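Student: I have a model open on my screen and would like to learn how to read it. Could you walk me through it?

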Amino acid sequence: MPTVSVKRDLLFEALGRVYTDEEFQHLCFEFGLELDEVTTEKQMIVKEQGEDSNLTADASEDIIYRIDIPANRYDLLCLEGLSLGLLIFLKKMLPPVYKAMKPLEGCIQRLIIQPDTALIRPYAVAAVLRNLHFTQDSYNSFIDLQDKLHQNICRKRSLVAIGTHDLDTIEGPFIYDAKRPSDIKFIPLNQTKEYTAAELMDLYSTHAQLKQYLHIIKDSPVYPIITDSKGRVLSMPPIINGDHSKITLNTKNVFIECTATDLTKAKVVLDTLVCMFSQYCKEKYTVEYSEVQQPDGRINLYPELSYRDEIISVNKANDLVGISESGESIANLLTKMCLKSDVMSSEKDIKVCIPPTRHDVIHACDIYEDVAIAYGYNKIKRTLPKTSTIGAQLELNKLSDLLRYPIAQAGFTEALTFSLCSRDDISTKLGVSIEEVPAVHISNPKTLEFQVCRTSLLPGILKTIAANKKMPLPIKIFEVSDVVLKDPTAEVGARNERRICAVNCNKTAGFEVVHGLLDRVMMLLQVNWSPKPSNNGYYLRQIEDPAFFPRRCAEIICNGEIIGKIGVLHPKNVAQGSAADNPKIEKVNVHHDIANSSSTPHSTNSSPAKSETETYSEHRRFMSDSSESEEDSVSEVWE
């Protein structure tokens, strides 16, 4: 789900009133959106790049709303579309009518596609925005919308690449061709000297943003190129535009071209871009046609800006949503969602007009969904389903729930932490290198905090303790959740594994606390304690782990297999984890317990008291050199 960042004051200015954060959050919910975060540009930079970033000095302190947008609502990816949609939803204006027309003066602009483009990017569409007025904010929004479209529907420019140019600096007709890299030479955007296409590939191989697009054309024998009638390069899609035709705040006429491997998506992108920013044209909501000449000589006019009508049933809308509204009421609800609707003469059907901005509406079910959103999900009366089915809880989740209660009854508080964390959280802070950890990495992380999927529950719990340092000791926390591990044998190359992690943080050593919890969990799973190493039951075996104190860590062996660790964390790792105290940890793999609990019945002859005594004796053997009169805080960990 994409997230749009808009300046609060600009949004409120466009909406015509000021909202509190709570009021605007409620408005977003009613419209089917979610206000994800209230922040500033400076806070965003610090979060993504760290406090030492040089960019924070010039960062703005303006309040920014970060809003989660449905992935298929391309019309809401910018301030212009978002404010327009909310104004229509609030009934402050009617949905605008977008028009494409031929120029009143001069000839229509033409883009000629050469046959060689079929070797790499065969499709292209184009349009012109005339008499446009940019401000700094609308200019930034224009650029940002292109980036959002590139990352979303354009699939990082692999399907569609957008080029925008100052029409007053170039002359048509424009030629879209494919040439050998050595035959392409121009001054790229924001550069001062000419480069060949091959040189540009080397130049941008280390560029923070552009390097991710180079692979799209790098190995091709020909590169796509767009030039004007005088041979001046407009762009080399999908990499970079030419510097000659770059748009500025003074640009009045914009030529937009989209090259693509998917013609349908190219049309959607062009329609979205011109509809959102045609409101800044002298004649609002109007766009100028451009001709696109195909290699076979056919000529198409773009943008299409096509409207289409859909007929829906009033009764079906009521049945599917679970409401009882008249046709007129449903038509009004749809109009609030930018779908201008009218009740037909029969009063049983509604004619819905789908505008060129709502490419997400494909079937009638999409219209019924908008009826539910406009009506309000919270207003829909709850009813029992008319179907009769028998459901059952997943065995893994059932066992997890059964374990949560006794762990909580033992005095531990449950935590629910993020599934993503930083690379340091699962490597450096635990005394290992990232290469040794079978972690699944996020390819393009937005923040330093969310770079990999967690391979351990421990980092999240340590952060929870760090956030509660003012709480009185002891702090006893546990979590029963999934970790993600690389697995070449799995269908997707990774697998989830359910684990338990329990932490006891106190001023004095209390290894028996987590050891007792381990015994309790194993007793519930009907797994016996084994006084000696064997393949029947569980026992502890001393190991060395860089995350733990020397000689204060043990593996938990169950039926001959390692299922977890228990021990005292090393102070340096605790400090790096931002926890004030030194935890003892207990860690167990629940998947293993599920597999073995049924095959290892609990012995009715065993004595719980004896088992606890032997457990504590085993603890004393491998913790023989530890002192229980430590002045520093100590924490036990089990995972």
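Student: Let me start with one residue: which residue in β20 stands opposite S313?

Tutor: S313 stands opposite D349 in β20. Before we go on, keep in mind that this is a predicted model, in which local features need pLDDT of at least 70 and side-chain atom pairs count only at pLDDT 80 or more, while totals for chains, interfaces and linings use all residues. Residues are numbered from 1 along each chain as its sequence is written, and side-chain values use heavy atoms, with hydrogens and water left out.

Student: What does it take for strands to pair, and over how many bridges do β18 and β20 pair?

Tutor: Strands of a sheet pair through backbone hydrogen bonds, either parallel or antiparallel. Strands (E, at least two residues) and helices (H or I, at least four) are DSSP runs, numbered from the N terminus, and two strands pair if DSSP finds at least two bridges between them. Here β18 and β20 (residues 349-354) are antiparallel, with six bridges.

Student: What is the strand order in the sheet that holds them?

Tutor: The order is β18-β20-β19, in an open sheet of three strands with antiparallel pairing. β18 (308-313) and β19 (341-343) each have a single partner strand, so one side of each is left without a neighbour in the sheet. From one strand to the next, the twist averages 25°; such angles run from 0 to 180 degrees between N-to-C directions, with axes as lines fitted to C-alpha atoms, for helices over the stretch in contact.

Student: Which strands does helix α9 touch?

Tutor: Helix α9 (residues 327-336) packs on the sheet and touches β18, β19 and β20, where contact means heavy atoms within 4.5 Å. Its direction makes about 175° with that of β19. Helix α10 packs there too, touching β18 and β20, and its direction is at about 70° to that of β18.

Student: How do I describe two packed helices, and at what angle do α8 and α10 cross?

Tutor: Two packed helices are described by the angle between their axes and the distance between the axes. For α8 (residues 314-321) and α10 (residues 364-375), the axes come within 10 Å and cross at roughly 65°. The contact is made by K316, A317, L320 and V321 of α8 with Y368, V371 and A372 of α10.

Student: Where is there a second open sheet to practise on, with β1 in it?

Tutor: Look for the three strands in the order β1-β3-β2, again with antiparallel pairing. The edge strands are β1 (3-7) and β2 (34-40), each pairing on one side only. Six bridges join β2 to β3 (residues 63-68), and E37 stands opposite R66 in β3.

Student: And how many residues lie between the strands in the hairpin of β11 and β12?

Tutor: Five residues lie between those strands, and G231 in this hairpin takes a positive phi near 85°. The hairpin of β12 and β13 has three residues between its strands, and there M236 stands opposite I240 in β13.

Student: One last point: is D177 buried or exposed?

Tutor: D177 is buried, with a relative accessible area of 17%; buried means under 20%, exposed over 50%, and partly exposed in between (1.4 Å probe, protein chains only). D177 lies in strand β8 (residues 174-179). Leaving aside neighbours within four places in sequence, its contacts include Q114, D116 and Y223. For contrast, look at Q43 in helix α3 (residues 41-49): Q43 is partly exposed, at 46%.
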